[in-house]
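Here is a short tour of a structure, taken one element at a time. Keep the viewer open and follow along.

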Amino acid sequence: MTHTLRHGRMALVGAAMLAVGALAGCGSGSDTTGGNGNTAGNSTASIGAVTLAESGSSLLYPLFNNEWIPAYASVDKSVTLTAESSGSGTGIAKAIAGQVQIGASDAYLSDGQMQQHPTMLNIPLAVSAQQVMYNVPGLGKNVHLKLDGPTLAAIYEGKVQYWDDASITTLNPDVKLPHQRIIPVHRSDSSGDTFLFTQYLSDTDAAWKTSIAYGTSVSWPAVQGALGAKGNSGVVQTLAATPGSIGYVGISWLDQGVQQGLGYAALKNHNGQFELPTADAIQKEAAAGVNQVPDDERISLINLPADGGYPIVNFEYAIVNSQQPADVATALKKFLTWAIDPQQGGGSQYLTPVHFLPLPAAIQSKSQAQISKIGQ
Amino acid sequence: MKPVPKRPWVGAASLLLGGAATLPVLLSLLLLGVLAVDAVPAVRVMGWHLVTDSTWDLGNLYGATTHVRGVPVPTGAHYGALPFLVGTLWSSALAMLVAVPVATRAAILTAYGLRGRWQRMAAVLIDLIAGLPSVVIGLWGLLVLVPFIQNTAAPVLTRLGRWIPWLDGPVTSGMGLLAATLVLALMVTPVITSTLRELLAQVPAEIREAGFAAGLTSWEVVRLVCLPAVRSGRVGAVALGWGRAIGETMAVLMVGGNAANVLPTTLFSPISTVAASVAEQLDAALTDPTGMALHALSALALVLMVISVGTSTLSRLLVRRSAQFRHAAQSPEDEEVSPWTSRASA
């Protein structure tokens, strides 16, 4: 090496070699490992090992990571499942880009996104709900305030500023409310929970629908003192620390919120009844939506005309690209079929810890029809 | 026989080292270029309103797409980043106001006031705090500082609000500008202290001893000899701290209150900063079918870079101005010193 470099003109070559060193290294590296890689690839293919990666909704993450992954390991040993809590938007983007096989989302894809990516499927895996929680000092433990969409909209618009405002006291004539300032808390990160809450407000308040509308992230009205918090955990923490605050929280966080001393509201449904987010009321709401669910299953279950139904209910979606390599498609179909089967992955032993409910039978068959499209 | 020159090695090495040396500059230029190009569509839609309007709205991502000046955007989209800018500038500037005097005194104490084991221990402790992950400080802010502000500090401070405009209420929660300021101050103080301490330790002992020989007290030696000697390094330390305060994301996100579309009116108002907003909005921006939200975030990142460069330049200018001021005031000051000398000798 030193010998060749003694020649003056070799200096240039030496410099060039250093300059392209990385490139040359890569080339030779891939040459040598290429052969090994091929044999390794062949051997793994013959075993049939496939990795299914999931990324997205923090609401679905506990179900995936704590319940489904350990359980599925004994169902199909050849498949490795990984889960990541990154937020619905990131999960959707990763699924579209092909970086993960399953994007977990509380919200379905918009029309605009479906036009751009027509091979994407929105497959409901389970039924979830959301409650409105508050920190009102002096309120009894078992008192559930009655609230409706227009009142909540007025609170988030800063029009109703105190807990003893007439709009709240007329809904709750039996409850003594303090003259305490209301502090609305919203999600500062993009969230399926924001999507659900703003959809409820849009469905029940025409002014909200035209001014703010709904989405995973909306432009909140300018209210002095209003707070934003990150994640369901952040909202619960903020509510607990801030007397007079109100916020919306995913159902899997209900227990934590109650433990921290928060109350939760009975919300007015489409039929004018005030309902708590019980399993029964959530089921009634989901059942009312069954007949309206289209084949692509992109539908809002918010505020449906259901007798005794709780108004903020949604599907938890797996966002999946139907175009997959054969071995991935097979593994993906098998896993999703297992996940929505109430006798298996959709069983209460997995769903109850996170307060989710299994899909109604009619929805399960629609999801099954979508699952069968994968790989075709 | 003539010895073989080692030219080729030198040439290759200097090429390599030269490349390595220019890499940071090239990378930051590349970053700036990519951000600028990526921000163009958002700037076309918003123009100057991007930094002068107070409404930040990604638009209805589930609704129809409209066209603004020929660029497709979601219906209702409006990218006005003024509240983020105001939040960033207020919180970082107030943090510097708290941090710089504290850090200067702490650096002087650790460099000259302590000896041996104690000095090493103080240095290690300060570096330890400087290296704390911001999420840890944010958590401390959330669990300790925010309740303290809400329950203890605010009731006292708001009484002064009758006379001092930014101190009056309403105190809706402990989260807001004051909490963000104090958390940022806590984060940048050790950074500035650590840098400044190293600088002060390098001031030659001869110069300091000359000061003592001239009869200056130890505080006068620090003020008139040591601090002027490290003036340009101090700028760097302050600029470094300010840069960190501006770019800090996590801690501000945790204690700032994440105000939406509203400008702070008191020290207790919830705020949001540019850096925190980029982090918070990214997930939603990824679901924008027109991709405009991502361009808007690039524009925010570009604004953040411009602010960082701007504050760094500003701190340089400020110190140069004060240096000129000092030089102008130098001669009478010299005369002021002589009575001290006579008194010390007396």
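Which residue of β12(A) does A:N122 stand opposite? A:N122 faces A:I319 in that strand. Please keep in mind throughout that this is a predicted model.

## Chain A in outline

Let us begin with the whole chain. Chain A holds 16 helices and 12 strands. Its length is 376 residues, and 53% of these count as buried. Among contacts in chain A with a separation of 6 or more, 73% link residues that lie 24 or more positions apart.

The chain also has a surface to consider. About 15,300 Å² of chain A is exposed, and 54% of that area is supplied by carbon and sulfur atoms.

## Strand β12 and its partners

Now back to the strand from the opening question. Strand β12 of chain A covers residues 313-321. It is mostly covered, with 9 of its 9 residues buried.

Strand β4 of chain A, residues 120-134, pairs with β12(A) in the antiparallel sense, and 9 bridges join them. The A:N122 and A:I319 pair has A:I319 on the β12(A) side. Strand β3 of chain A, residues 102-105, is also antiparallel to β12(A), with 3 bridges between the two. Here A:A104 has A:A318 of β12(A) as its bridge partner.

## A sheet of three strands

Another part of chain A is worth a look. An open sheet of 3 strands runs in the order β5-β10-β11 in chain A, and its pairing is mixed. Its edge strands are β5 (146-147) and β11 (274-275) of chain A, each of which pairs on one side only.

Strand β10 of chain A, residues 266-268, is antiparallel to β11(A), and 2 bridges join them. If you would like a residue to click on, A:K268 has A:F274 as its bridge partner in β11(A).

## Two helices of chain A

Helix α7 of chain A spans residues 149-156 and is mostly covered, as 7 of its 8 residues are buried. Those buried residues are A:G149, A:T151, A:L152, A:A153, A:A154, A:I155 and A:Y156. Just after α7(A) comes A:G158, with a positive phi of about 80°.

Helix α5 of chain A takes in residues 88-97, and its buried residues include A:S88, A:G89, A:T90, A:G91, A:I92 and A:A95. Just after α5(A), A:G98 has a positive phi of about 80°.

## A helix crossing in chain B

How do the axes of α3(B) and α8(B) cross, and within what distance do they come? Helix α3 of chain B (residues 82-113) and helix α8 of chain B (residues 218-229) have axes that come within 12 Å and cross at roughly 105°. The two helices are therefore roughly perpendicular to each other, since angles of 65 to 115 degrees count as such.

From α3(B), the contact is made by B:T104, B:I108 and B:Y112, and from α8(B) by B:W219, B:V222, B:C226 and B:L227. By type, the residues of this contact are 6 nonpolar, 1 polar and no charged.

## A loop serine in chain B

Is B:S173 buried or exposed? B:S173 has 1% relative accessibility, so it counts as buried, the limit being under 20%. This residue is placed in the loop between α5 (134-160) and α6 (177-201) of chain B.

Its surroundings can be picked out too. With neighbours within four places in sequence left aside, B:S173 is in contact with A:L227, A:T242, B:Q150 and B:F268.

Methods. Residues are numbered from 1 along each chain as its sequence is written. Chains are lettered from A and ligands numbered from 1 in the order in which they are written. This is a predicted model: local features need pLDDT of at least 70, side-chain atom pairs count only at pLDDT 80 or more; totals for chains, interfaces and linings use all residues. Side-chain values use heavy atoms; hydrogens and water are left out. Buried means under 20% relative accessible area, exposed over 50%, partly exposed in between (1.4 Å probe, protein chains only). Helices (H or I, at least four residues) and strands (E, at least two) are DSSP runs, numbered from the N terminus. Axes are lines fitted to C-alpha atoms, for helices over the stretch in contact, and angles run from 0 to 180 degrees between N-to-C directions. Angles under 35 degrees count as roughly parallel, over 145 as roughly antiparallel, 65 to 115 as roughly perpendicular and the rest as oblique. Contact means heavy atoms within 4.5 Å. Ala, Val, Leu, Ile, Met, Phe, Trp, Tyr, Cys and Pro count as nonpolar, Asp, Glu, Lys and Arg as charged, and the others, Gly among them, as polar. Two strands pair if DSSP finds at least two bridges between them. Accessible areas come from the Shrake-Rupley method with a 1.4 Å probe; for residues, only the protein chains shown count as cover.
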